[in-house]
Amino acid sequence: MKPEALLSVDQLCVRRGPELVLDQLSFTLQPGSLTALVGPNGAGKSTLLQALEGQLSPSGGSISWEGIPLTPVLARQQLALMPQRGEIAWGFPITVRALVALGRLAGQRPGCCDVEAALQRVGLVGLAGRRLDQLSGGQQQRALLARTLVQPARLLLLDEPCAAIDPPSRTELLRVMRQLSDAGLTLLVSSHDWGRDLDAYDRVLVLDRQLLADGTPQQVRQALGDLRVGNHCCG
């Protein structure tokens, strides 16, 4: 028997001014799943993540959490967004541990994860005292992920976590995400790239304003043929 969906999106529409950015999206996320959200730049991926987190109000359709409407208050309790690395001032002279602790202060509620535990889960305990600008791109992404993990969220929304990092760093980040999924967290991971790393995910949603495909990596490839977006992929 299929478990109840953690998150349900039904006929979701989102506008930015007069522009319809998301048009009648419908999908569900199951508990503990690792899902890729794939599409070109401008497809609406970041808009969707922001709408799920409660930053943007839908102009139509609905979002539900375990069968009840997902209000902004409920979203703050259950979802956490990891922003793109470009939104962080990496030259700011604070340590990895301080960055992660800031995430805990932002989400200080019962259920918050310990900073050291978050660093352990992403494999950065040995670099906790290093400044952010001394990290590689992949290490910076794992630091951002640790900052997200200290919040008491059951669904993690990761915005382009594999952008502009080398293949070994992508592989390591995917391994960490799989471990989090296996431990019971649900992850929705956006990317504009398409490639072999897609097979690391349980499921793929292909977005370009509308939902073009939804299924396992193999099902999506069969549905879309030889479609390629970008040269490599994290999801």
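**Reading salt bridges and a helix pair**

Modeller: Let's kick off with Asp-133, which counts as partly exposed at 37% relative accessibility. One thing to keep in mind as we go: this is a predicted model.

Biologist: Okay, so how do I read that percentage, and is Arg-131 buried or exposed, or something in between?

Modeller: Under 20% is buried, over 50% is exposed, and whatever sits in between is partly exposed. Arg-131 has a relative accessible area of 34%, so it's partly exposed. Those two residues are partners, too: the side chains of Arg-131 and Asp-133 meet in a salt bridge, with 3.1 Å from N to O.

Biologist: What makes that a salt bridge, and how many does a search of the whole structure find?

Modeller: The test is a side-chain nitrogen of Lys or Arg within 4 Å of a carboxyl oxygen of Asp or Glu. Searching the whole structure turns up eleven salt bridges.

Biologist: Which residue does Arg-221 pair with in a salt bridge?

Modeller: Its partner is Asp-199, and the closest N and O atoms are 2.9 Å apart. This pair links distant parts of the chain: Arg-221 belongs to helix 7 (residues 217-224), while Asp-199 is in the loop between strand 8 (186-191) and strand 9, 22 residues away. As for accessibility, Arg-221 is partly exposed at 23%. Salt bridges can also share partners, and here that joins Arg-178, Asp-182 and Asp-202 into one network.

Biologist: What about Arg-209, which residue does its side chain meet in a salt bridge?

Modeller: Asp-23, at 3.5 Å from N to O. Arg-209 is in the loop between strand 9 (203-208) and strand 10 (210-215) and Asp-23 is in strand 2 (residues 19-29), so this bridge ties together parts that are 186 residues apart in sequence. Check the two ends as well: Arg-209 is partly exposed at 35%, whereas Asp-23 is buried at 11%.

Biologist: Which other residues surround Asp-23, if I skip its sequence neighbours?

Modeller: Leave out everything within four places in sequence and you get contacts with Leu-12, Cys-13, Arg-209 and Gln-210. With Gln-210 there's also a side-chain to side-chain polar contact at 3.0 Å.

Biologist: And the backbone? What is phi of Arg-209 near?

Modeller: Near 70 degrees, so look at the sign: that's a positive value in a residue other than glycine. Glu-66 is another non-glycine with a positive phi, about 50 degrees. Glu-66 is found in the loop between strand 4 (60-65) and strand 5 (68-69), and at 36% relative accessibility Glu-66 is partly exposed.

Biologist: Let's turn to helix packing. At roughly what angle do helix 5 and helix 6 cross?

Modeller: The general idea is that two packed helices are described by the angle between their axes and the distance between the axes. Here, the axes of helix 5 (residues 137-149) and helix 6 (residues 167-182) come within 9 Å and cross at roughly 20 degrees. Angles under 35 degrees count as roughly parallel, so helix 5 is roughly parallel to helix 6. The crossing of helix 5 and helix 6 is right-handed.

Biologist: Which residues of helix 5 and helix 6 make the contact?

Modeller: On helix 5, Gly-138, Gln-141, Arg-142, Leu-145 and Leu-149; on helix 6, Ser-169, Glu-172, Leu-173, Val-176 and Leu-180. Try picking them out in the viewer.

Key. Residues are numbered from 1 along each chain as its sequence is written. This is a predicted model: local features need pLDDT of at least 70, side-chain atom pairs count only at pLDDT 80 or more; totals for chains, interfaces and linings use all residues. Side-chain values use heavy atoms; hydrogens and water are left out. Helices (H or I, at least four residues) and strands (E, at least two) are DSSP runs, numbered from the N terminus. Buried means under 20% relative accessible area, exposed over 50%, partly exposed in between (1.4 Å probe, protein chains only). A polar contact is a pair of N or O atoms within 3.5 Å; within protein, one must be able to donate a hydrogen and the other to accept it, and residues adjacent in sequence count only if both atoms are side-chain atoms. Contact means heavy atoms within 4.5 Å. Axes are lines fitted to C-alpha atoms, for helices over the stretch in contact, and angles run from 0 to 180 degrees between N-to-C directions. Angles under 35 degrees count as roughly parallel, over 145 as roughly antiparallel, 65 to 115 as roughly perpendicular and the rest as oblique. A crossing is left-handed if the near helix is turned anticlockwise from the far one by less than a right angle, and right-handed if clockwise.
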